[in-house]
Structure formats: structure tokens, C-alpha cells
Amino acid sequence: MAATTPGRLPGRHRRPAERRATYGEVIAIGEFRALWLGQGLSLLGDQLSRVALSVLVFQGTESALATASVYALTYLPPIIGGPLLAGLADRYARRRVMIICDLLRAVMVALMAVPGVPFPALCGLVFCVVLLSAPFSAARAALLPELLAGDRYVMGSALQNMTNQGAQMLGFALGGALIMGMGPYRALALDAATYLASALILASGVRRRPLPESGETGRPSMWTTTRAGARLVFGDPRLRTLVLFAWLCGFYVLPEGIATPYAATLTADPERISFVAGLLMGSMPTGTVVGAFFFSRYVTPSRRLRSMGWMAMLTCAPLILCAARPPLAAVLALWFASGVGGAYQLAANAAFVQCVPAERRAMAFGLVQSGLLAVQGIGILIGGAAAAELGPEAVVGLAGAAGLVVAAALAVLWSGSRKEIIERVRAEAAA
């Protein structure tokens with residue numbers, strides 16, 4: 001007879017082993033590949049167009065204020081119209097919403113690529129292009145759980161997250177060189193082509209799906225849908241906690257917004273400031289990519305949910321040490337560690353999907369995304385104003401301390417409401 005552990009009968013009280021999905025099996029799903037490739041093309045084009053617009057506006061106006069204003073327009077539309085337009089993906093087929101948004105954005109960006117477009121018209125086109133990202137992103141977020149079940153959803157989300165971070169780093173790094181070679185107008189035309197390519201990929205690679213049944217008779221108004229989504233998200237204590245976990249990024253993204261003045265404190269050579277600022281801005285996304293890979297690949301689904309609070313605190317705790325004014329290498333390491341902790345967003349996202357009915361996912365994701373942009377913008381504005389008075393090192397340290405307090409409070413709230421979600425995720429992973 002085989003030996004047994006004292007006090008435990010063989011085969012009793014053992015939970016089934018949780019199976020972790022792999023990146024290979026997620027990439028093997030054709031519809032996900034289409035969604036992923038379309039996302040990558042659009043993101044690279046968007047980063048290129050941001051650089052091109054900055055160059056184009058500055059060349060036409062020679063005004064730093066006008067250039068900054070156009071860049072700010074990339075944040076404003078989703079905050080204003082995002083919650084309302086995100087509901088379109090709960091009213092119409094999500095694939096169709098994404099394709100139409102891509103086609104409309106391709107036309108608008110192509111108009112921006114026409115030489116001689118007046119500055120007010122350019123601003124209007126930028127506003128509309130960015131506004132359409134709200135229903136597109138909401139539709140994509142709502143469609144992903146239909147393509148990827150169980151732990152595959154987390155792996156797919158990790159791949160999309162890493163693609164997003166990688167596109168940011170690659171787009172900004174190559175954008176200037178490409179625009180130097182082809183000019184801003186051709187760069188905008190290339191961006192329009194990426195939207196067209198994305199629409200074609202989605203049309204050919206993602207099959208038509210009916211909307212999930214909502215059980216409602218008739219079609220409610222957009223305003224009614226928005227209010228119902230807000231009640232759903234903020235009326236459920238579990239969802240409210242998960243939303244606040246997502247919005248915690250307002251604290252740990254703040255350093256990126258003041259990276260240039262921070263870089264000025266780390267080097268006495270004015271010509272090296274932009275180089276150091278680039279290192280600082282790249283360290284946190286790099287940490288996020290590394291953290292997302294290991295967190296999704298080597299941590300079991302239930303353990304991800306259990307460690308979410310600790311990981312959230314990790315995003316803020318290292319930033320506190322910046323108040324001691326460490327040298328550049330230490331600052332890069334601290335910001336990298338903060339980025340690694342940001343991988344907790346994968347677990348928060350998976351838990352959010354578990355709690356939201358399929359027919360309400362687009363609106364729920366749209367509300368969260370709009371709030372996400374708002375807290376990032378507000379945090380960066382407050383950080384910039386405070387850095388002028390206190391210095392960037394102190395502001396980053398204060399943001400880390402405040403974020404750590406909020407993260408600890410959210411971790412306590414989450415520990416009291418996570419049991420049901422963990423059991424559901426564990427059952428799916430063991431199936």
C-alpha cells in the first residue's frame with residue numbers, strides 16, 4: 001500500500017489541478033488572430049499619426065500651445081462621449097460596429113492627410129477620429145470573452161496588453177524617423193491605410209455573431225442604456241471594487257507625465273534630457289510587458305485573483321522611494337518594478353468579465369475606459385502643477401504613497417468579495 005500523508009486520506013479533499021492556458025493555443029484561434037492583428041495595425045498607425053500631427057500642426061502654426069492642444073484632443077473625446085457611444089456595441093452586432101468605426105476613421109484620417117486642411121477642420125477631424133475609438137474599443141472588449149473562454153481570456157488579454165505597450169514603444173521610437181523620411185502627410189495616409197487593413201481583417205477573419213439576449217422588449221434609448229450600465233457597474237460592490245482597481249493607475253501612471261522635468265533633475269547635460277526622459281517613459285511599459293508575460297503564463301488563475309491586491313500595492317510602493325532622489329539606474333529599476341505590478345490589471349479584467357452579463361459588457365467596459373482616461377489625464381495635470389512647486393521627485397513619491405494607501409484599502413475590500421469569483425474561475429480552469 002502506498003504511503004499517505006498523516007491525517008489525510010488518499011484522494012480526499014483535493015481540488016482538481018488548475019490548467020493554465022498557453023499563448024500558443026490562444027494564437028491558434030483564427031478569430032483571435034484577426035482581432036489581435038487588427039489591433040496591432042491600428043495601434044502602430046495611431047502612434048505614427050500622433051507624431052505626424054504634432055509635426056504638422058507645429059509646422060503650420062509654429063505654436064507650442066496649438067500643438068499641445070491637438071495632442072490633448074486625443075484624451076478628451078473618450079471622456080466626453082465614451083460612456084454614451086460605448087453602448088452602441090450592446091445595441092448592434094459588435095463585429096459590425098468595429099468595421100464601421102474602422103472605415104469611418106480611415107476616411108477621416110485620409111482627409112487629414114490632404115495638404116492645406118485648415119487648423120479648425122483638423123481639430124474637428126482629430127476629435128471625431130478619437131471619439132470613434134470608444135465604441136470600437138468597447139466592442140472589441142465585449143467580443144473577446146466570446147472568442148476566448150476561461151483562462152484563454154486572460155492569455156488573450158495579456159497578449160493584447162503587451163501588443164499595446166509594444167506598439168507605444170515602437171511607434172514613438174520609429175515615428176520620428178519615418179516622418180523625417182516620408183513627411184507628415186504621407187504618414188497620415190499610412191495611418192488611414194492601417195484602418196482600412198484592420199476593417200478588412202475583421203470582415204474576413206471574424207464571423208458574424210448575433211447580440212447576446214438581453215431579455216428586454218424594444219430597444220432602449222442610448223441615455224437609458226448608459227444609465228443602466230452605470231447602475232450595473234457602480235451598484236454592485238464587487239464591480240465597484242474592480243473598477244477602482246482599474247482606476248488606481250491614475251497614481252502610478254502620473255510619473256510618465258512628468259518624465260521630462262524628472263529627467264532634468266537626473267542629468268546636468270541639456271542635450272541628454274530627452275534621452276533620459278525616453279528611458280524613464282519606457283521603463284514602466286517594459287515592466288508591464290514582463291509582468292504580464294510571467295503573471296499570465298506561470299501563475300494559476302485563482303492565485304492571480306488572490307494576489308491582485310498585493311500586486312496593486314507593488315505598482316505604487318516602489319515610487320515612494322523616488323522621494324529620496326536616487327540616481328538614474330535606481331529610478332529606472334523602481335519604475336520598472338512599478339510596471340511589473342501593473343500586471344494585476346489582467347486579473348481585475350478577468351474578474352470584471354465574470355461579473356458582467358454578456359449583453360452589458362460593451363457599456364460596462366466603455367464606462368471603465370472613459371474613467372481610466374479621465375483619472376490618467378487628471379493625475380498628470382495635478383502632478384505637473386505640483387512638480388512645479390515641490391519638484392518631480394517629491395511628487396512621484398507622494399503619488400506612490402497615496403496610491404499605496406488606496407491600493408491597500410482596495411485589497412481589503414477585495415479579500416471580502418473575491419471568494420465566489422475565485423471558485424468560479426477555479427472550476428472553469430479545472431474543467
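This is a tour of a predicted model, stop by stop, with what to select at each one.

**The whole chain**

Start with the full protein in cartoon view. The protein has 23 helices and zero strands. Of its 431 residues, 51% are buried. Take the contacts between residues at least 6 apart in sequence: 86% of them join residues at least 24 apart.

Next, colour by pLDDT. The mean for the protein is 79, and 79% of the residues reach 70 or more. Helix α19 (residues 328-341) has the highest confidence, at 94, while helix α3 (residues 64-72) has the lowest, at a mean of 58. Then select residues 1-13, where the pLDDT is below 50. Beyond near neighbours in sequence, this stretch makes one contact in the model.

**The nonpolar core**

Select M112, W335 and F352. The largest nonpolar core has 112 residues, and these three touch the most other members. Now show helix α20 (residues 344-355), which gives the most to this core, with nine residues. As general background, nonpolar side chains tend to be buried together in soluble globular proteins.

Keep F352 selected and display its surroundings. Leaving out residues up to four places away in sequence, F352 touches V233, L239, L242, V243, A364, F365 and V368.

**The aromatic pairs**

The structure contains seven aromatic pairs. For one of them, select Y252 and Y344. The ring centres of Y252 and Y344 are 6.5 Å apart and the ring planes stand at 75°, so this pair is edge-to-face. Y252 is in helix α13 (residues 249-252) and Y344 in helix α20, so far as sequence goes 92 residues apart; the pair links distant parts of the chain. Both Y252 and Y344 are buried. Add F245 to the selection: ring pairs link F245, Y252 and Y344 into a cluster.

**One face of helix α15**

Move to helix α15 (residues 259-266) and look for its buried residues, which are A259, Y262 and A263. Turn the view until you look down the axis of α15. The buried residues fall within an arc of 105°, so they line one face of the helix.

**R209 in its loop**

Select R209, in the loop between α10 (184-205) and α11 (222-235). Is R209 buried or exposed? Its relative accessibility is 15%, and R209 counts as buried because the cut-off for buried is under 20%.

What does the side chain of R209 make a polar contact with? The partner is the side chain of E31, at 2.8 Å. Show the other neighbours as well: with residues up to four places away in sequence left out, R209 touches E31, A93, L143, E146 and L147.

**P135 and L88**

Go next to P135, in helix α8 (residues 133-147). P135 is buried, with a relative accessible area of 1%. Add L88 and draw a C-alpha to C-alpha distance. P135 and L88 are 6.3 Å apart in space and 47 residues apart in sequence.

**S49 and D191**

Select S49 in helix α2 (residues 30-61). S49 has a relative accessible area of 10% and is buried. Which residues does S49 touch, not counting those up to four places away in sequence? They are L188 and D191. Between S49 and D191, the C-alpha to C-alpha distance is 6.3 Å, with their positions 142 residues apart in sequence counted as separation.

**A317 and L334**

Move to A317, in helix α18. With a relative accessibility of 32%, A317 counts as partly exposed. Add L334 and draw the distance again: the C-alpha atoms of A317 and L334 are 9.0 Å apart, and the two residues are 17 apart in sequence.

**R325, the last stop**

Finish in the loop between α18 (308-320) and α19, where R325 lies. R325 counts as exposed, at 59% relative accessibility. Check the backbone here. Phi of R325 is near 55°, a positive value in a residue other than glycine. For background, most residues other than glycine have a negative phi.

Note on methods: Residues are numbered from 1 along each chain as its sequence is written. This is a predicted model: local features need pLDDT of at least 70, side-chain atom pairs count only at pLDDT 80 or more; totals for chains, interfaces and linings use all residues. Side-chain values use heavy atoms; hydrogens and water are left out. Helices (H or I, at least four residues) and strands (E, at least two) are DSSP runs, numbered from the N terminus. Buried means under 20% relative accessible area, exposed over 50%, partly exposed in between (1.4 Å probe, protein chains only). Contact means heavy atoms within 4.5 Å. pLDDT is the predictor's confidence in each residue, from 0 to 100. The arc is that of the directions from the helix axis to the C-beta atoms. A polar contact is a pair of N or O atoms within 3.5 Å; within protein, one must be able to donate a hydrogen and the other to accept it, and residues adjacent in sequence count only if both atoms are side-chain atoms. A nonpolar core is a set of buried Ala, Val, Leu, Ile, Met, Phe, Trp, Tyr and Cys residues joined through side-chain atoms within 4.5 Å. Rings of Phe, Tyr and Trp (its six-membered ring) pair if their centres lie within 6.5 Å; planes under 30 degrees apart count as stacked, over 60 as edge-to-face and the rest as tilted.
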